Amino acid sequence: MGRPYVDAAQRLGVRVRAVESEALLAAGPADPDVTYYPVPNGLDESWQQGVTRAITERTPDGVLAFAEAHVLAGALAQERLGLPGPSLHAAVISRNKALQRTGFGAYGVPQPGFLLAPDLGSAREWMAERLPVVVKPLTLGGSEGVELVTTPAEADEIVVRRGGEGKILVEEAVQGPEYSWEALVHEGEVLFRNVTEKETTAPPFFVELSHRIGHRFTDPALAAQVDALTSGVLRALNMRTGLVHLEFRVGVDGPVLMEVAVRTPGDFLAEAVGLTYGFDLHEAVVRLALGLPLGDRVPTEPVAYAATYFPTCAAGTITAVDGVQEIAAHPDVVRIRLRKGPGDVVGRLTSSSQRLGHVLVRAGSPEEREDALKFVADRLRIEVTP
Ligand SMILES: Nc1ncnc2c1ncn2[C@@H]1O[C@H](COP(=O)(O)OP(=O)(O)O)[C@@H](O)[C@H]1O
Ligand SMILES: [Mg+2]
């Protein structure tokens with residue numbers, strides 16, 4: 001995920017020092033032009049250990065935090081050194097879904113009704129009165145632990161199964177299509193924005209299956225509500241400079257915030273956004289982090305239509321995978337990469353990490369993109385024995 005940032009920085013003539021996990025450094029060849037600060041694991045505090053070592057050894061011109069667990073360490077360093085960044089306020093809130101719910105209402109951000117409870121047992125009555133509800137951990141990602149509860153029996157069961165997790169969010173379930181919004185922000189001002197249309201698995205687990213970049217709301221009233229939601233979130237965050245990624249559903253009463261993060265979106269969205277608008281989003285983020293001007297590099301209109309698609313299959317052992325070469329040869333397919341194949345065991349799809357791989361598509365129009373996605377879905381055959 002960091003590679004395109006390193007490439008962009010090196011193209012700009014910037015010397016890169018990177019905080020990286022020991023496991024990743026052990027797994028592959030390191031970049032000889034990068035100085036590494038290894039950290040033992042992916043915990044927020046471990047990143048901070050690496051970052052403080054790096055910034056005390058030599059003061060950097062910019063600090064860029066791109067993954068969820070980097071956000072706090074990055075913002076602490078940016079604040080301390082007076083460097084551009086989202087703000088410590090935004091970083092802390094980005095890292096905690098409960099702080100979003102508790103803090104955003106006062107800024108007028110539409111959110112689901114919620115209860116923050118010390119444990120799920122204390123939320124039993126609230127849940128029972130508002131079914132269906134969504135149970136959600138405060139600081140995880142990739143839909144991990146996010147679960148829809150529909151019936152009183154399910155509510156009883158989840159209280160037994162997850163009552164020991166401690167502090168937890170319970171929210172009213174919002175029905176309606178889901179979108180994300182990616183924006184480049186400089187000193188609180190939005191320089192670039194994009195809407196992505198999402199497809200997730202059916203409840204109860206909401207695993208993301210595809211993203212279509214460059215969505216446009218044709219209803220002007222809805223478009224205005226989305227603008228109000230996104231600017232409300234930026235204000236509530238006290239967002240200063242960097243990349244913002246927020247998710248919302250459009251329910252019966254309009255758009256409702258799911259969550260916001262001041263980091264690079266996952267699922268190859270940054271690459272797909274770049275392909276759609278014909279610019280290097282990673283380089284723009286590096287420039288913002290260094291306080292360099294973006295000038296006229298910021299596009300407003302799509303030049304193509306990209307999407308990412310995540311193949312899935314039933315739980316079991318994969319016996320055969322067909323169609324990969326045919327898909328790779330399709331002119332609108334940029335890349336197909338599967339990380340599972342024959343002999344691999346696949347569990348029930350409950351979080352993003354269990355998906356089989358990804359396909360990146362880029363077409364000349366939304367219609368051609370649909371054709372390409374349909375081609376991929378039809379031709380990719382994954383056989384599984386339960
Ligand atoms: N209150 C809700 N109503 C409906 N769907 C929800 C709700 N909260 C979360 N979801 C679904 O679950 C997904 C994951 O939840 P999210 O808060 O984004 O956590 P994560 O950090 O795991 O992505 C969302 O993208 C959305 O599809
Ligand atoms: Mg999310």
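Is E259 buried or exposed, and what is its relative accessible area? E259 is buried, with a relative accessible area of 19%, a value that falls under the 20% limit used for that class. The points below concern a predicted model, and they move from the domains to the two ligands and then to some local features of the backbone.

1. Domains. The domain assignment divides the protein into domain 1 (3-86), domain 2 (93-99 + 175-305), domain 3 (113-172) and domain 4 (308-385), and domain 2 is therefore written as two segments. The centres of domain 1 and domain 4, taken over C-alpha atoms, are separated by 32 Å.

2. Position of ligand 1. Ligand 1 lies between domain 2 and domain 3, because both of these domains give residues to the shell around it. That shell holds 20 residues, and the closest of them are K97, K136, S143, E178 and R249. Strands β4 (133-136), β6 (168-172), β10 (242-251) and β11 (254-261) each supply at least two residues of the shell.

3. Character of the shell. When the residues around ligand 1 are sorted by type, eight are nonpolar, three are polar and nine are charged. Among the charged residues with a polar side-chain atom close to an oxygen atom of ligand 1, E178 stands at 2.4 Å and K136 at 2.7 Å, while an N or O atom in the side chain of E247 is 2.9 Å from an oxygen atom of the ligand. Of the 540 Å² of accessible area that ligand 1 has on its own, the protein covers 97%.

4. The magnesium ion. For the magnesium ion, which is ligand 2, the protein donors are E247 (OE) and E259 (OE), and they lie 1.9 to 2.1 Å from the ion. E247 belongs to strand β10 and E259 to strand β11, so the pair ties together parts that are 12 residues apart in sequence. E247 is buried, with a relative accessible area of 9%, and E259, as stated at the start, is buried at 19%. A reader may wish to look at E247 in both settings, since an N or O atom of its side chain also lies 2.9 Å from an oxygen atom of ligand 1.

5. K136 and its surroundings. K136, which is placed in strand β4, is buried with a relative accessible area of 6%. Besides the approach of its side chain to an oxygen atom of ligand 1 at 2.7 Å, the side chain of K136 makes a polar contact of 3.3 Å with the side chain of E171.

6. Helix α10. This helix, residues 269-277, is mostly covered, with seven of its nine residues buried; the buried ones are L269, A270, A272, V273, G274, T276 and Y277. After α10 comes G278, whose phi is positive, near 65°.

7. Backbone features in loops. Most residues other than glycine have a negative phi, and most peptide bonds are trans. A cis peptide bond joins L131 and P132, with omega about 0°, and P132 is placed in the loop between α7 (124-130) and β4. E187, in the loop between β7 (178-186) and β8 (189-200), has a positive phi near 50° and counts as partly exposed at 46% relative accessibility. N238 has a positive phi of about 60° although it is not a glycine; N238 lies in the loop between α9 (220-237) and β10 and is partly exposed, with a relative accessible area of 36%.

How values were computed. Residues numbered from 1 in each chain as written. Chains lettered and ligands numbered in written order. Predicted model: local features only at pLDDT ≥ 70, side-chain atom pairs only at ≥ 80, totals over all residues. Heavy atoms only, no water. Near = heavy atom within 4 Å. Polar contact = N/O pair within 3.5 Å; in protein donor to acceptor, adjacent residues only side chain to side chain. Areas by Shrake-Rupley, 256 points an atom, 1.4 Å probe, with all protein chains shown as cover. Helix = DSSP H or I, 4+ residues; strand = E, 2+ residues; numbered from the N terminus. Nonpolar A, V, L, I, M, F, W, Y, C, P; charged D, E, K, R; others polar. Buried < 20%, exposed > 50% of the residue type's maximum accessible area, 1.4 Å probe, protein only. Donors = N, O, S within 2.8 Å, 3.2 Å for Na, K, Ca; no water.
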